[in-house]
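Here are some questions and answers for reading a protein structure. Keep the sequence and the 3D view open while you work through them.

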Amino acid sequence: MPDFEALSRNASLFVEEFGRTAATYFKPLDGDGAKAGGSDEVGDVVKTLGTVAEKWLSDPQKTLEAQTALSEAFVNLWGSTWFRMQGENPPPVAVPEPKDNRFAHAEWSTNPVFDFLKQSYLITSRWAEGLVERAEGIDEHTRHKAQFYLRQITGALSPSNFVMTNPELIRHTLEENGANLVRGLKMLAEDIEAGKGELRVRQTDPSGFEVGVNVAVTPGEVVFRNDLMELIQYAPQTETVLKRPFLIVPPWINKFYILDLNPQKSLINWMVSQGLTVFCISWVNPDERHADKDFESYMREGIEAAIDAIGAATGETEVAAAGYCVGGTLLAVTLAMQAATGNRRIKSATLLTTQVDFTHAGDLKVFADEPQIQGIEAHMKQRGYLDGSRMANAFNMLRPNDLIWSYIVNNYVKGKAPMAFDLLYWNADATRMPAANHSFYLRNCYLENNLSKGKMVLGNVRLDLKKVKVPVFNLATREDHLAPARSVFEGSARFGGKVDYVLAGSGHIAGVVNPPAKPKYGFWTGGPAKGRLEDWIEAATETKGSWWPYWFAWLEKQAPERVPARKPGSGALPSLGPAPGTYVRMKA
């Protein structure tokens, strides 16, 4: 039984905290009016799902069939629950997916009431998903959006998210006499304040990490800086190094140190230990001053400026390069530009979970139709950039149950602060995107797919990936939500030279950051990326362990000559300060 005195006291505190939280949420509205973009987003959800509903309601016979199917499922559930109440053990009508952890607590199955709530939710949500899947007369983009929006709604309405419909939360609240709800509401207010009026759900304890102290700690020096990037040269760990320097192009939508989280997980540190002279771009966290920096600017002032600087630092005119995610897309664009102009200084390219063909680009295409891009552009026009939280929210929405609702329940209902986790610290360390660059990227890649069609134009030069003849190592991951394995696979055919397609286990980050010392996943190799991905996988060879050594053997074979190790800052480019530099420390 709860302590009713403590419960009463906590109820009063809860009311007080609720008032403070509401004041924090509505404070930004006092001077700025309605929150930007919210009504447009809700309107698109209503319009999209309304289109699906109209298609069903226009055919009374199909509507009746759908209603009958739902009714029959609930009749079966009522019957099953009745037998359970009589002490029998009938098989369930609806069972959660094996990876669905929302209903892991024993009482979701042992208690007939909560089992009924769970199965009711599963029946209804799957029925709604079926309506979207079977709706006739709608285009595939609308269907895709409807599926995505429905997933957000059903994730939000799960009985696992609410105190009174979740047996674990009921017990937890009674055991704490409601103190968990008071703590949770206080954290909610803090997170709304941190998001400047928008809820920024915390996923980790940020106090456990500091850039340059316990993340991004591989030794090196900043040897070049301009308006868009700092170039880091890492200190050697071997007496000799490969003669050809290596350039890393990270995504500008996140900070580069995902590749340098800590010495045990750092791909950068491992590269250096193998005898590479590693340079890495650290993009600026842009603000209104960078509004006009476009895709060409990132190529010229980013990759090409970095190659110039590497030449000054090492005396080498040729480099090998790797691009991660959209950094890989930018690298592919640069390869096409160099192929078109004859300035071919990049001699091999490693693309890590990179898309160049956006035909099957996954759920992010939901945000990239003409009306939504126009809305994003209007939003960016006000400030000159897209705030990093907008992209972070979009990424979280790809897996709402894991990346949104599990933290909402843990933080604001259970009242538990999340644990310190370096990966999630990096994920929360958001970056902005310049208006010109982001608009070009959305339109030319997601909306029009111009790069894969040979229609992208930069600096009055038409770009054709078929002219790119340098060797390409094209890494995909099996469970990637951002750059789906199929999309990367089909993108391999867009290049004109030899492409080594490799498929790693896990997802967009864990599949890439998979060190040989403690590998969690294997990888598949199987020759040219031709035909169907499913057939390629069936015929491929699986190798246990990290893909890193396989990749390094591929790289070293191209240019095996070695020279004495190079010390950062000792050449024509003096050190501007120690790694990880200053740009990476700029907060959004």
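Q: How many of the seven residues of strand S7 are buried?
A: This is a predicted model, and a residue counts as buried under 20% relative accessible area. Strand S7 covers residues 346–352 and is mostly covered. The number of its seven residues that are buried is six.

Q: In which sense do strands S6 and S7 pair, parallel or antiparallel?
A: Strands of a sheet pair through backbone hydrogen bonds, and both senses are possible. S6 (residues 319–324) is joined to S7 over six bridges, and Val319 has Ile346 in S7 as its bridge partner. The sense of the pairing between S6 and S7 is parallel.

Q: Through which helix does the chain cross from S6 to S7?
A: The connection from S6 to S7 is a β-α-β crossover, and it is right-handed. The helix in this crossover spans residues 326–341. It is H12.

Q: Which residue of S12 stands opposite Thr350?
A: S7 also pairs with strand S12 (residues 472–477), in the parallel sense and over four bridges. Thr350 stands opposite a residue of S12, namely Phe473.

Q: Why is strand S2 largely enclosed by the rest of the structure?
A: In a regular strand the side chains alternate between the two faces of the sheet. On one side of S2 lie Met229, Leu231 and Gln233, on the other Glu230, Ile232 and Tyr234, and both faces are covered. S2 is largely enclosed because the number of its six residues that are buried is six.

Q: Which residue of S5 stands opposite Met229?
A: S2 pairs in the antiparallel sense with S1 over five bridges, and these two form a hairpin with three residues between them. S2 also pairs with strand S5 (residues 278–283), again antiparallel and over five bridges. In S5, the residue opposite Met229 is Trp283.

Q: Which strands are the edge strands of the open sheet of 10 strands?
A: The order in this sheet is S1-S2-S5-S4-S6-S7-S12-S13-S14-S15, with mixed pairing. An edge strand here pairs on one side only. The edge strands are S1 and S15.

Q: What angle does the direction of H12 make with that of S7?
A: Neighbouring strands of the sheet are turned by 25° against each other on average, direction ignored. H12 packs on this sheet and touches S4, S5, S6 and S7. Its direction makes an angle with that of S7 of about 155°.

Q: How much space lies in the largest cavity?
A: A search of the whole structure finds four cavities of 30 Å³ or more. The largest cavity is lined by 13 residues, and among those nearest its centre are Phe256 and Trp283. The space in it is about 80 Å³.

Q: Which residue in the loop between S6 and H12 has a positive phi?
A: The residue is not a glycine, and its phi is near 60°. Its relative accessibility is 12%, so it counts as buried. It is Cys325.

Q: Is Asn449 buried or exposed?
A: Asn449 lies in the loop between helix H17 and helix H18. Its phi is positive, about 55°, although it is not a glycine. With a relative accessible area of 9%, Asn449 is buried.

Q: Which residue is joined to Pro580 by a cis peptide bond?
A: Pro580 is in the segment after strand S16. Omega of the cis bond is about 10°. The residue joined to Pro580 is Ala579.

Methods. Residues numbered from 1 in each chain as written. Predicted model: local features only at pLDDT ≥ 70, side-chain atom pairs only at ≥ 80, totals over all residues. Heavy atoms only, no water. Buried < 20%, exposed > 50% of the residue type's maximum accessible area, 1.4 Å probe, protein only. Pairing = 2+ DSSP bridges. Right-handed = clockwise from strand over helix to strand, strands pointing away. Axes fitted to C-alpha atoms, helices over the stretch in contact; angles between N-to-C directions. Contact = heavy atoms within 4.5 Å. 1 Å grid on protein atoms, 1.4 Å probe; cavity = no way out; pocket = protein on both sides within 12 Å on 5 of 7 lines; lining within 4 Å. Points joined across faces, edges and corners; volume = space filled by probe spheres on them.
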